[in-house]
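Me: Could you walk me through reading enclosed spaces and a binding site in a model?

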Amino acid sequence: MDRITYLDYAATTPVDERVVDAMLPFLAQRFGNPNSLYSLGRDAYTALEASRESVAASLGASHPSEVLFTSCGTESDNTALIGIASAMAERKGRHIVVSAFEHHAVLEPAHWLEKRGFSVTYLKPQTDGVIDPDALAEAMRDETCLVSIMHANNEIGTVQRIRALVEIAHARGAYFHTDACQTLGKMDFNVEDLGVDAASFSGHKIYAPKGTGVLYLRRGTRFQPYLMGGGQEFKKRSGTQNVAGAVAFATALRIMDEERPLEGPRLASLRDRLVSAVLEGIENTELNGSLTERLPNIANFIIKGVEGEAMLLQLDAKGISVSTGSACSSGSLEPSHVLLSIGCPPELAHGSLRVSIGRFTTEADIDYLVDCLTPIVERLRSMSPVYAKMFPASR
Ligand code: PLP
């Protein structure tokens with residue numbers, strides 16, 4: 001196959017060459033342990049702390065020590081939920097609120113806490129994928145210690161009005177964590193403007209390598225360390241730091257910030273081109289999620305009467321990488337919990353197609369996808385008893 005058309009940037013991104021250049025020296029030459037006192041160690045320490053300062057400045061953190069380097073978005077989410085809830089259980093209570101369409105990196109630690117005596121409210125979004133602040137206000141209890149609601153959803157791309165939700169949580173004395181793995185670099189993310197106490201980020205969504213992440217933890221937030229050992233990362237996340245990874249994360253974020261003023265509108269216009277082409281060119285399709293409160297780079301469609309997996313494999317045969325539901329749950333044929341949470345019936349959720357674009361996507365890529373998708377959908381529908389039942393007039 002000569003043509004690769006990668007349209008799954010929400011699953012992961014290629015590492016930017018500029019990021020590779022910045023991180024490489026810290027693998028083989030400047031390899032010191034940043035906790036060692038001799039000069040090789042001090043050199044690594046300097047690079048680590050410069051990276052921390054750079055990330056802290058981008059996030060609007062009040063102090064670099066609020067930035068903890070982790071191994072991935074999943075670790076950041078697990079650490080925030082378990083670390084904050086454990087520290088607050090005795091002081092405030094054992095109730096937490098999470099949204100029902102969180103990534104599994106939040107849902108699973110919530111289930112884990114539930115098995116250990118916490119009660120958890122799973123807040124359903126509205127059908128447009130937006131969380132109603134009144135619903136959060138109703139879910140809050142005196143013993144609620146933590147609310148965790150994602151900034152942007154990884155499957156449908158809807159963005160929450162975090163500030164309003166934070167105010168509700170704080171008014172009841174609860175901390176607020178947000179999973180911002182999909183928003184970092186793609187829209188403004190300022191911890192002061194949003195008011196969050198903790199936030200999770202993943203390097204491989206912003207053109208840094210897989211296995212890099214950050215947890216923002218506001219100073220003074222009660223927290224029980226989850227990884228214990230040598231006391232690195234201000235005693236909050238033990239383990240010798242991945243200096244090359246930290247340098248990569250900081251470099252990747254700096255590039256995202258620098259390029260966003262032009263890249264944001266470019267992506268939004270490519271996304272809009274895709275959405276119009278699919279909705280106008282292929283009948284019986286719908287776009288999932290709010291039309292306005294959304295990321296510039298994710299579009300998620302319901303293509304009625306078609307199996308997502310069949311579509312995905314046939315597009316793959318044309319060199320196109322897209323996804324049906326979240327990458328992390330692909331391999332399972334369960335309908336996406338995200339689509340179910342916004343009221344999408346299971347039979348339609350099976351026909352979902354997520355297209356997520358990024359730095360190297362061009363108009364030609366979008367047009368190629370649409371050119372390939374249209375006959376694939378027609379062919380699959382012509383063989384589908386489900387489609388014939390849904391739309392008898394189509395036969
Ligand atoms: N949270 C969200 C919203 C994500 O999209 C992802 C990745 O798919 C994660 C968390 C997990 O990040 P990582 O793959 O770095 O563990």
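Me: How many cavities of 30 Å³ or more does the structure hold?

Reply: A cavity is a set of points, on a 1 Å grid over the protein atoms alone, where a 1.4 Å probe fits but cannot get out. A volume is the space filled by probe spheres set on the points, which are joined across faces, edges and corners. Here there are three cavities of 30 Å³ or more, and the largest has a volume of about 160 Å³. Keep in mind that this is a predicted model, where local features need pLDDT of at least 70, side-chain atom pairs count only at pLDDT 80 or more, and totals for chains, interfaces and linings use all residues. Residues are numbered from 1 along each chain as its sequence is written, and side-chain values use heavy atoms, with hydrogens and water left out.

Me: Which residues that line the largest cavity are the closest to its centre?

Reply: Lining residues have an atom within 4 Å of a point. The largest cavity has 17 of them, with Gly 185, Lys 186, Met 256, Glu 263 and Leu 267 closest to the centre.

Me: Now the ligand: which residues come nearest?

Reply: Near means a heavy atom within 4 Å. Of 14 residues around the ligand, Thr 74, Asp 179, Ser 202, His 204 and Lys 205 come nearest.

Me: What lies 2.6 Å from a nitrogen atom of the ligand?

Reply: Look for polar contacts, pairs of N or O atoms within 3.5 Å. That one is a polar side-chain atom of Asp 179. A polar side-chain atom of Ser 202 sits 2.7 Å from a ligand oxygen.

Technical notes
Polar contact = N/O pair within 3.5 Å; in protein donor to acceptor, adjacent residues only side chain to side chain. 1 Å grid on protein atoms, 1.4 Å probe; cavity = no way out; pocket = protein on both sides within 12 Å on 5 of 7 lines; lining within 4 Å.
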